[in-house]
There are 2 protein chains.
Amino acid sequence: MIETVSPTGPGPQPEPAEEASTRERILDIALELFTEQGYEKTSLRQIAERLGFSKAAIYYHFASKEDILFELHLRVHEFGRGVLSEIDPAEMSPAAWLALLDQLVGQILGHRALFVLHERNRAALDELHRERHDASHEDLDVLFRQVLANPAIAARDRVRLACTLGAVMGALVLTGDVFSDVSSEELGALVKDAARDLLAPGS
Amino acid sequence: MIETVSPTGPGPQPEPAEEASTRERILDIALELFTEQGYEKTSLRQIAERLGFSKAAIYYHFASKEDILFELHLRVHEFGRGVLSEIDPAEMSPAAWLALLDQLVGQILGHRALFVLHERNRAALDELHRERHDASHEDLDVLFRQVLANPAIAARDRVRLACTLGAVMGALVLTGDVFSDVSSEELGALVKDAARDLLAPGS
DNA sequence: GTCTATATAGGGATAGAC
DNA sequence: GTCTATCCCTATATAGAC
């Protein structure tokens with residue numbers, strides 16, 4: 001599954017200097033097409049065409065199509081990690097959850113395209129996840145699911161959490177660009193308000 | 001794009017009598033595989049294998065792979081229509097929205113697998129929708145998006161609606177089977193409570 | 001770093017036997 | 001209603017020239 005693509009090395013490493021590398025351009029186009037059409041439906045030829053060179057050239061930069069998706073997945077993962085690091089899985093107070101979701105809202109607003117990609121390609125990404133159980137893979141999704149499935153928490157609270165998470169997703173990633181006329185700041189504030197109403201202890 | 005599959009007719013019509021038809025079994029397996037693996041990743045051979053016959057046999061029942069997806073889509077659509085029929089697009093009061101979402105919760109709980117399929121195959125279904133703009137296609141999604149994009153509505157309310165819809169989706173379709181230990185009735189009631197809290201006028 | 005050419009596999013779909 | 005056999009196409013991926 002892992003192979004070098006050239007006799008001397010695995011392609012361009014993240015070099016120090018400035019350079020809007022071809023690798024980065026491939027990832028940009030892939031992000032766009034994978035999101036629009038879906039991962040499986042998108043061909044490497046299609047990506048190459050957009051960039052003005054041939055399909056085979058991509059293999060200089062990536063060992064496989066899956067690797068492109070994986071690289072994009074890793075980025076979502078990094079941003080998710082920022083959220084994750086502030087979490088004590090044992091600590092389940094509404095206040096802690098609100099703080100977590102506030103962070104999440106910020107991350108999504110900052111890297112929305114990546115989260116949309118993730119949401120629209122769950123099947124492909126689930127498979128990736130299955131195949132590469134190696135990397136330090138503590139997923140945000142996994143954490144959420146653990147909490148939501150925890151029988152020690154009251155059903156009402158579990159459902160509340162799912163709804164709150166859904167509310168964030170609903171307003172920020174499931175809705176296409178219907179809020180393109182609303183500023184990120186306002187959108188984020190409104191979503192956080194909604195989350196607060198859902199998790200308010202007295203509600 | 002439309003072709004008959006046998007010299008004398010388009011395959012088995014919905015006949016009056018009892019008959020857990022092969023056609024239905026194909027749809028069941030397809031629903032399962034399309035949801036798990038995604039539409040594009042699922043091959044007809046795979047579906048046929050599960051049913052114990054060969055790939056070509058499917059073509060007696062469906063003119064194309066896309067037609068299988070379309071048939072499943074039509075069913076989501078029927079159930080969505082039940083919700084749609086009660087809607088006056090001009091009427092946007094929170095109460096009306098709550099009633100709409102209550103209906104939606106009921107439909108999702110009754111046909112959850114179809115909604116999950118829909119959610120996990122947006123790309124493929126969007127394309128279907130693009131290609132077949134013929135059929136009486138007033139989609140629930142389309143209606144929602146129209147409302148959410150309507151500039152005549154205050155941004156706060158638009159976001160609230162998106163959050164509420166997201167809350168419903170989050171608890172009922174995005175979360176896998178984490179609530180399999182909660183009864184449909186309880187789950188539905190809890191979700192409706194959350195929706196109420198989000199749309200409450202004074203919140 | 002990108003090319004052409006090619007290997008290889010699998011997909012959807014059709015024809016015609018049974 | 002299901003089969004086998006086949007067609008045709010496109011996909012990923014590799015080899016090797018430039």
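# Exercises: two protein chains on two DNA strands

An N or O atom in the side chain of Thr22(B) sits 3.4 Å from a phosphate oxygen of DNA strand D. The model is predicted. The exercises below start from that contact.

**Exercise 1.** Which residues come closest to DNA strand D, and how many surround it?

Solution.
- Step 1. Count the surrounding residues: there are 17.
- Step 2. Pick out the closest. From chain A these are Lys55(A) and Tyr59(A). From chain B they are Phe53(B), Ser54(B) and His61(B).
- Step 3. Check which part of the strand is approached. Of the atoms of DNA strand D within 4 Å of the protein, 62% belong to sugar and phosphate.
- Step 4. Sort the residues of this surface by class. Seven are nonpolar, seven polar and three charged.

**Exercise 2.** Find polar contacts to phosphate oxygens of DNA strand D, and say whether side chain or backbone takes part.

Solution.
- Step 1. Apply the cut-off: N or O atoms within 3.5 Å.
- Step 2. Take Tyr59(A). An N or O atom of its side chain is 2.9 Å from a phosphate oxygen of DNA strand D.
- Step 3. Take Lys65(A). Here a backbone N or O atom lies 2.9 Å from a phosphate oxygen of DNA strand D.
- Step 4. Add Thr22(B), which uses its side chain at 3.4 Å.

**Exercise 3.** Do the same for DNA strand C, beginning with its nearest residues.

Solution.
- Step 1. DNA strand C has 17 residues around it. Phe53(A), Ser54(A), His61(A), Tyr59(B) and Lys65(B) come nearest.
- Step 2. Sugar and phosphate make up 58% of the atoms of DNA strand C within 4 Å of the protein.
- Step 3. List side-chain contacts to phosphate oxygens of DNA strand C. Tyr60(A) places a polar side-chain atom at 3.1 Å. Ser43(B) has a side-chain N or O atom at 3.2 Å.
- Step 4. Add a backbone contact: a polar backbone atom of Leu44(B) is 3.0 Å from a phosphate oxygen of DNA strand C.

**Exercise 4.** Which helices supply at least two residues each to the surface near each strand?

Solution.
- Step 1. Near DNA strand D: helix H2 (44-51) of chain A and helix H3 (58-61) of chain B.
- Step 2. Near DNA strand C: helix H3 (58-61) of chain A and helix H2 (44-51) of chain B.

**Exercise 5.** What turn and shift lay chain A on chain B?

Solution.
- Step 1. Superpose the chains. A turn of 180° with a shift of 0.0 Å along the axis gives an RMSD of 0.0 Å.
- Step 2. Name the relation. The two copies are therefore related as by a two-fold rotation axis.
- Step 3. Compare the contact residues. Of those in chain A, 100% recur in chain B, and the same surface serves both copies.

Note on methods
Residues numbered from 1 in each chain as written. Chains lettered and ligands numbered in written order. Predicted model: local features only at pLDDT ≥ 70, side-chain atom pairs only at ≥ 80, totals over all residues. Heavy atoms only, no water. Near = heavy atom within 4 Å. Polar contact = N/O pair within 3.5 Å; in protein donor to acceptor, adjacent residues only side chain to side chain. Helix = DSSP H or I, 4+ residues; strand = E, 2+ residues; numbered from the N terminus. Nonpolar A, V, L, I, M, F, W, Y, C, P; charged D, E, K, R; others polar. Least-squares fit on C-alpha atoms with pLDDT ≥ 70 in both. Contact = heavy atoms within 4.5 Å.
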